[in-house]
Each structure stands twice: as C-alpha cells, then as structure tokens.
Amino acid sequence: MTPPAAASPLAVLPRELSGDAVIARRTSELVGSTPLLELVRTGSGTRLLLKLEQLNPTGSCKVRMARQMVLEAEADGRLRPGGRIVEPTSGNTGLGLALVALERGYRFTAIVDRHAAKDKLRAMEAMGAELVVVEADPTAGPSSIERRRVAAQIAAETGAFHPDQHNNPGNANGYGDLADELIDQLGTFDVLVAALGTGGSLCGTVRGLRSRGVMAQSVAVEPRGSIVFGGEPGVYHQTGAGSPAGFPIGCNVDRDVIDIDHRVGDGDAFATARVVARRTGLLLGGTTGGAIHVALRHLVLWPAGSTVVVLCNDAGEKYLDSVYDDDWLAARGVLDEPAHRRVRRWLNAYDESVRVADDDRASRRSEMGGLTA
C-alpha cells in the first residue's frame, strides 16, 4: 500500500469549529487532557488519585512521546517525507508510532516478541504497521536486547529512522504537556508515582513539574527482576517496564529527578490491577498495578492531607488474556490469591478510616452543640 503524503514538519491542522464544540481532524489531536479519578482516601485526608492516561488514543501515555519523537525528527531532518520508522517495542510505543506514522505518511516497522500482549500486536497491524517478530520463550521475560539489536541492524541496512526511545530526548520532552495538565487540574500536589520503563514518562513529567515550581516527590516503580536500580536480575512478566540483565539503561532514566525507587513482583502488580478493576470498573495494565500497589502500601506514611498521583500508563483491555486470565497467571506462577486479599484489606482499611474520621467529627460537632445550648 502506498503511504499517504507526509505532512510538513510540525504541521498541525486547524480544528473545525461547530457551535461551541471543537472538532479534531486528526486522532493525534485528541491526545492529552486525561481526567483524574480518586481511588481512595484516608481518614487523615490523604488521597490517592489516578491520572487516567489509558484514555489517550491508542490506550496509553506513550502516544505523547511517539508524536514528539517524530515531530523533532522531522524538524531536524532525520525523518524525510515518505520515510520509514523502525523501533523495538513491547507494544505501547509501537501503537503510538503506528498512529503517528499513518497520519504523517510513513512506513512503520515494529520489532516485537511474543512476550507482548497479543492485542497490542493485532492493533499495530490493524493500523498498518509491519511486525518483525523476534522469537523468544513465551514463559520467560522480554527479549529486549535482541529486539534492540534487530532494530539497529534494520536501520543501518535501510536508512530507516530509529527513534531509540530509551535515549531520545523527544521521549521525555513529550510529557511537558502532561505536567501542564496536572498543574491545571491540581495546582500543586505532593507525590507522583509511576512505573519506570524508558524513564520518559516519569522523568519527563517530573522535570516539567519542577520547571514550573511544583516540587512533588517522585517515586519510580520497576518490576522485581529488573536491574534499573541495581536489583537482583530475574524473569518478570510486567511488559513495558524495567530492564532485564544486560540491557543498557538509557539516558531518559534521569536519576537526578527520581527521589525514591521501589520494586514490585508480578503477583502483587497483577493482583492490584485486578482488585482495582473490581472496585472501579477500570481495567489497567499490570505495570500500573505495580505503581498503585506501591502507592497503596505507603499511603499512610505520607503526611496527612497529602495528594498522591499515580500515572496510569496503559489500558487493561490489552491484557485480558494475561493479567486478567487466571490460567495465564497460574502457568507462570504469579496467580497470588494472598496478594489479592492484601490489596482488598488495604482499600477496606482506608475506607474504614474515613468513616471513623467522619464519625469523630460528627461527635465533636454534637458535643460542641451541647456545650453551647
């Protein structure tokens, strides 16, 4: 299929006005302005909010940085009209690049393995992406190193643009708008928690916040088995986060803006996502489950009245045959019923603390009323 003519660099089509509504003319114009949802609060007034980035087109925050990397490459001549993009991906960056490529007239080749969620692979193909599959043991972890090697080889042989999301400044730059949104929505807040993969979403957002005077504490969450922060290497099944043994950590992991780091096992991450689905009706990805797990576990440790935000980086509908499938989890030894019960207990305890605090306030008001009668 001949790709459509590429748009000029940094070109943005004007939106159509219809009455009071602004109607987008490209799907990428719908990126951003994602809402916040309160998951839970404590009796001391601390609240845990979810920034629902899975409501972006392609179901992920990664479309923000995919667009930015392409726009910057167009602007400096690394990507020519009608050119080819090649990138290793576990799915979400690939979905973002597939969208931007089809809108702007490029051919996109995604280097993937069978560790990626099947629906991500199908969605990329549905948008016209070419998949090059690196074979890997489906019960083992992601083949990140081999995918990266294959992408670099194709780029060298064909002259394709290889964004290299782990080291591309456009990745982190793509989250400046996300920082602006959080400030517009909250003014200021206290803690930002996110899963760490390439580092762009957390570090780029934190840099944007701090440049605007919001000094929220940043908390990075990686899978247990990932080696970003020097943990013991091992197999993990949380796609899109962490780095396996031997994988070079890219420059978008900016340790200067990461205040605290945590590791979460697959069982805890997936159990949290599943419990949140039963509580809210929202299906979230497994790495987001890991970030929420850390936030829930530490919610009472932050000062009373704190506002804690978790970036919900992708949608769980892509993981119905993995994170939300008992047989898949059991086959990999990560179906953890005690972890499910633990998360439910935390949520119930926080709900109960709010009821107790409300009762105490009502009792004090009643007592004050009696004294003044």
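## Sheets, cores and a crossed helix pair

Colleague: Which strands does helix α4 (residues 144-158) lie across?

Modeller: Helix α4 lies across β5, β6 and β7, and runs at about 160 degrees to β5. That angle is taken between N-to-C directions on a scale from 0 to 180 degrees, with axes fitted to C-alpha atoms, for helices over the stretch in contact. Bear in mind that this is a predicted model, where local features need pLDDT of at least 70, side-chain atom pairs count only at pLDDT 80 or more, and totals for chains, interfaces and linings use all residues. Residues are numbered from 1 along each chain as its sequence is written, and side-chain values use heavy atoms, leaving out hydrogens and water.

Colleague: What makes β5 (84-88) and β7 (130-133) edge strands?

Modeller: Each of them pairs on one side only. Pairing takes at least two DSSP bridges between two strands. The sheet is open, with 3 strands in the order β5-β6-β7 and parallel pairing. Between strand β6 (residues 107-112) and β7 there are 4 bridges, so that pair meets the two-bridge rule. One match in β7 is E130, the bridge partner of T109. Helix α2 (residues 92-104) packs on this sheet too, touching β5 and β6, and its direction makes about 170 degrees with that of β6.

Colleague: In the open sheet of 6 strands, why is one side of β3 (36-41) and of β10 left without a neighbour?

Modeller: The order is β3-β4-β11-β8-β9-β10, with mixed pairing. β3 and β10 stand at the edges with a single partner strand each, so one side of each has no neighbour in the sheet. As for "mixed", β3 and strand β4 (residues 47-51) run antiparallel and share 5 bridges, whereas strand β8 (residues 191-195) and β9 run parallel, also joined by 5 bridges. On the other flank, 5 bridges join β9 to strand β10 (residues 260-264), again parallel. V219 of β9 stands opposite V193 and also opposite I260 in β10.

Colleague: How do you know that strand β9 (residues 217-223) is mostly covered?

Modeller: Of its 7 residues, 6 are buried. Buried means under 20% relative accessible area, exposed is over 50% and partly exposed lies in between, using a 1.4 Å probe and protein chains only.

Colleague: What handedness does the β-α-β unit of β8, helix α7 (residues 200-211) and β9 have?

Modeller: The unit is right-handed. The label means that, with the strands pointing away from the viewer, the path from the first strand over the helix to the second runs clockwise.

Colleague: How many residues does the largest nonpolar core have?

Modeller: It has 38, and L39, L48, V193 and L296 make the most contacts inside it. Helix α8 (residues 266-280) gives the most to this core, with 6 residues. A second, separate core has 27 residues, including M69 and F229. To join a core, residues must be buried Ala, Val, Leu, Ile, Met, Phe, Trp, Tyr or Cys, linked through side-chain atoms within 4.5 Å.

Colleague: Why are α8 and α9 described as they are relative to each other?

Modeller: Helix α9 (residues 286-298) packs on α8 at about 90 degrees, with the axes 7 Å apart. Under 35 degrees counts as roughly parallel, over 145 as roughly antiparallel, 65 to 115 as roughly perpendicular and the rest as oblique, so α8 and α9 come out roughly perpendicular. Their contact (heavy atoms within 4.5 Å) involves, among others, F270 and T272 of α8 and H293 and L296 of α9.

Note on methods. Helices (H or I, at least four residues) and strands (E, at least two) are DSSP runs, numbered from the N terminus.
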